[in-house]
Amino acid sequence: MRGLSYFFLSALIHVSSGTPKVIGYVGRDVILPCSYDTQHHDDLSFCWGQGKVPVSKCSNTVLSFLDGAVSFRLSPRYQLLGHTAAGELSLTILNAQRSDAGVYGCRVEIPGLFNDQKVNIKLIMEEAPVEQPVTQNSTISADRVEETLPTSTPEYVEVDERTLEMIQSVTPEGNFKALLRVENVSRMAAILFFPLIIILVFIFRRSFVSRGTRANTSAAENIYESIPMH
């Protein structure tokens, strides 16, 4: 029983003494979380430093917050982008580098003896993963191509002779062939010869009328000559 109690006590100490880890990527912004409960405390002072939180203040301070404003900032890369009045004290490191790796400590000064809140975070820096851009000209493997190709045979549609003639008539060559068909040639001949026949009838009629007029004139002259003059 005593051994079992010792085991759970050891596990509890290990969990409570463990330092949370944050993985950051080189060249990107990194956020180290820290917060406190604003329902019981308002406008508390706090600090961030490199290294574990010591007995007092912060070691190697990179940022200090006092009386509702930043009182010290080691570099413009250290920013407070959260709403501090709401208890959001997270530290943002802009354009993080490998040299930024290590343990960071956040101390929130709470009134009272030994009431300060301490948070230690271990920052691990890694190279940012390379994102492969997807382009429309990307090479597709042969297996992928075979999967996308249809396996069914093409289907053929039967077209009757009338439909085929209508399709062929759409093209210029089809139009010319359509004009050479027997019924089209007959229609064109009728259209051309009908005015010609009318013209010929008109000419023959006019010639006939002229001859009749001349004949009547000659007959009248003969009658006039045959009448004796007194």
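1. Lysine 57 is partly exposed in this predicted model, with a relative accessible area of 49%. Its side chain meets that of glutamate 109 in a salt bridge, with 3.1 Å from N to O. The pair links distant parts of the chain, since lysine 57 sits in the loop between β3 and β4 while glutamate 109 belongs to strand β8, 52 residues apart. Glutamate 109 is likewise described as partly exposed, with a relative accessible area of 25%.

2. Glutamate 109 also leads back to strand β3, for within β8 it is the bridge partner of serine 45. Serine 45 is found in strand β3 and is buried, because its relative accessible area of 14% falls under the cut-off of 20%. Leaving out residues up to four places away in sequence, serine 45 touches Phe65, Leu66, Asp67, Arg107, Val108 and Glu109.

3. Strand β3 covers residues 45–50, and 5 of its 6 residues are buried. The strand pairs in the antiparallel sense with β8 (residues 102–109) over 6 bridges, and in the antiparallel sense with β4 (residues 61–66) over 4 bridges. In the pairing with β4, tryptophan 48 stands opposite leucine 63.

4. Which residues have the most contacts inside the largest nonpolar core? They are Leu32, Trp48 and Val108, in a core of 24 residues. The elements that give two or more residues to this core are β2 (30–32), β3, β4, β7 (91–93), β8 and β9 (117–126). When neighbours within four places in sequence are set aside, the contacts of leucine 32 include Val22, Trp48, Leu91, Ile93, Tyr104, Ile121 and Leu123. As general background, nonpolar side chains tend to be buried together in soluble globular proteins.

5. The count of aromatic pairs comes to 1. The rings of phenylalanine 46 and phenylalanine 65 have centres 4.8 Å apart and planes at 15°, so the pair is stacked. This pair, too, links distant parts of the chain, with phenylalanine 46 in strand β3 and phenylalanine 65 in strand β4, 19 residues apart. Phenylalanine 46 counts as buried at 2% relative accessibility, and phenylalanine 65 counts as buried at 9%.

6. The count of salt bridges comes to 4, and one of them joins arginine 77 to aspartate 100, where the closest N and O atoms are 2.9 Å apart. Arginine 77 lies in the loop between β5 (69–73) and β6 (78–79), whereas aspartate 100 lies in the loop between β7 and β8, 23 residues apart. Arginine 77 counts as partly exposed at 26% relative accessibility, but aspartate 100 counts as buried at 3%. Arginine 77 also lies over the face of tyrosine 78, at 5.8 Å from the ring centre.

7. A further salt bridge brings together the side chains of aspartate 116 and arginine 107, at 2.9 Å from N to O. Aspartate 116 is partly exposed, with a relative accessible area of 27%, while arginine 107 is buried, with a relative accessible area of 2%.

8. Two loop residues deserve a look at their backbone angles. Most residues other than glycine have a negative phi. Asparagine 60, placed in the loop between β3 and β4, has a positive phi of about 50° although it is not a glycine, and asparagine 60 is exposed, with a relative accessible area of 58%. Phenylalanine 114, in the loop between β8 and β9, has a positive phi of about 55°. Is phenylalanine 114 buried or exposed? Phenylalanine 114 is exposed, because its relative accessible area of 75% is over the cut-off of 50%.

Methods. Residues numbered from 1 in each chain as written. Predicted model: local features only at pLDDT ≥ 70, side-chain atom pairs only at ≥ 80, totals over all residues. Heavy atoms only, no water. Buried < 20%, exposed > 50% of the residue type's maximum accessible area, 1.4 Å probe, protein only. Pairing = 2+ DSSP bridges. Core = buried A, V, L, I, M, F, W, Y, C linked by side-chain atoms within 4.5 Å. Contact = heavy atoms within 4.5 Å. Phe/Tyr/Trp six-rings, centres within 6.5 Å; stacked < 30°, edge-to-face > 60°. Lys NZ or Arg CZ within 6 Å of the ring centre and 35° of its normal.
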